[in-house]
Amino acid sequence: MMKIIYSFLLGIILISDSLHSQSLAPSQIPVEFDKPQDNINPGKLNSITYFSETVGLKRNAMVYTPPNFDSTKSYPVLYLLHGIGGDEKAWISNGNLKNILDNLYAENKIEPMIVILPNGRAMKNDKAEGDLFSKEKINAFSTFEKDLLNDLIPFVEKNYPVMKNRKHRALAGLSMGGGQSLNFGLSNIDHFAYIGGFSSAPNTKSFKNLIENPPEVNEKLELLYISCGDKDDLLNITAKAHKYLKENNITHTYIVLPGGHDFKVWKKNLYNFAQLLFK
């Protein structure tokens, strides 16, 4: 595991060997952090289609490639998941993802990476419509684990110049996607070295069941990031996870931001989380 976690949130360096958890103050985030800026070199968004053996049909995802993307180079990759009412475009249309990342690159605050934005509802009709809380749709969020590992990641690694190892692969998401990221990431630490849960929803499994071997988690994970808004009704889920991680001496980053269960908080999480990746 990396020995130093660079915390851009406070502008200091924290030595993770001596800290089993980090309860950090909110980041001093620029007011215009998610607004388009003039005279900067932007990244690009593209749509991709891959065949899912898990679902039995073609599925869509979005891809963000960084400024000055060079297909002859190899990049780390972040898989970023949406919530129960979203789809592969949620982080773009509601989360201003492109503006946030473009601005971070312009300030040289993040490492070049490819970002994959999947549809985490792994079912034939994966649109965010009808009864979003139906058993079929909720189960589809669990099914996405197989789709992600067996279908999407192999497709990305075949078609994009991404590094094909766990140390260069991150998984994060908001709300339902935050629960997915913690569930899938902690159950597959041989696949992911960076894991983030933003305002994770009740689909988040018990950390006692997710983490059977705390020393292995400390050894293998480069970053375990959990965060929630202080006015979010689901704060207890993240706080409970923090309590378990602290009691079991598992190094992690824990942040409570001002706000509720919405993109105002999640955008700040993306701003913070992206700066901690692949250092």
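Student: Are Arg59 and Asp147 buried or exposed?
Tutor: Arg59 is buried, and Asp147 is buried too; the word stands for a relative accessible area under 20%, with exposed meaning over 50% and partly exposed lying in between (1.4 Å probe, protein chains only). Keep in mind that this is a predicted model, where local features need pLDDT of at least 70 and side-chain atom pairs count only at pLDDT 80 or more, while totals for chains, interfaces and linings use all residues. Side-chain values use heavy atoms, leaving out hydrogens and water, and residues are numbered from 1 along each chain as its sequence is written.

Student: Why is the pairing of Arg59 with Asp147 called a salt bridge?
Tutor: The term asks for a side-chain nitrogen of Lys or Arg within 4 Å of a carboxyl oxygen of Asp or Glu. For Arg59 and Asp147 the closest N and O atoms are 3.2 Å apart, so the pair meets the cut-off.

Student: What makes this a link between distant parts of the chain?
Tutor: Arg59 sits in strand β5 (residues 57-65) and Asp147 in helix α3 (residues 135-159), 88 residues apart. These elements are DSSP runs numbered from the N terminus: H or I with at least four residues for a helix, E with at least two for a strand.

Student: Which other pair joins α3 to a strand?
Tutor: Glu157 forms a salt bridge with Arg169, and their closest N and O atoms are 2.6 Å apart. Glu157 belongs to helix α3 and Arg169 to strand β8 (residues 169-174), with their positions 12 residues apart in the chain. Glu157 and Arg169 are buried. A search of the whole structure gives 11 salt bridges, and Asp34, Lys35 and Lys267 are linked in a network of them.

Student: How do you know that Lys98 and Asp102 are about one helical turn apart?
Tutor: They are 4 residues apart in helix α2, which means a separation of about one helical turn. An α-helix has 3.6 residues a turn, so residues three or four places apart point the same way. The side chains of Lys98 and Asp102 meet in a salt bridge of 2.8 Å, N to O.

Student: Why is Lys98 called partly exposed?
Tutor: Its relative accessible area is 24%, so Lys98 falls between the two cut-offs. Asp102, at 4%, is buried.

Student: What makes α2 largely enclosed by the rest of the structure?
Tutor: Of its 10 residues, 7 are buried, so the helix earns that description. They are Leu97, Ile100, Leu101, Asp102, Asn103, Leu104 and Tyr105. These buried residues pack against β4 (44-52), β5, β6 (77-81), α1 (90-93), β7 (114-118) and α8. Just after α2, Asn108 takes a positive phi of about 55°.

Student: How is the crossing of α2 and α8 described?
Tutor: The axes of α2 (residues 97-106) and α8 (residues 263-275) come within 10 Å and cross at roughly 35°. Axes here are lines fitted to C-alpha atoms, for helices over the stretch in contact, and angles run from 0 to 180 degrees between N-to-C directions. The crossing is right-handed, the name used if the near helix is turned clockwise from the far one by less than a right angle, anticlockwise being left-handed. Leu97, Ile100, Leu101 and Leu104 of α2 make the contact with Lys267, Leu270, Tyr271, Ala274 and Gln275 of α8.

Student: What makes Leu148 stand out in the largest nonpolar core?
Tutor: That core has 39 residues, and Leu148 is among those with the most contacts inside it, together with Tyr79, Phe207 and Ile211. Such a core is a set of buried Ala, Val, Leu, Ile, Met, Phe, Trp, Tyr and Cys residues joined through side-chain atoms within 4.5 Å. Helix α3 gives the largest share, 6 residues.

Student: Why does Ser199 count as buried?
Tutor: Ser199 has 0% relative accessibility, so it counts as buried. Ser199 lies in the loop between β9 (194-198) and α5 (207-210). Leaving aside neighbours within four places in sequence, its contacts (heavy atoms within 4.5 Å) include Ser175, Asp232 and His261.

Student: How do you know that Thr65 is buried?
Tutor: Its relative accessible area is 7%, so Thr65 qualifies. Thr65 is found in strand β5 and, leaving aside neighbours within four places in sequence, is in contact with Gly43, Lys44, Ile114 and Tyr160.
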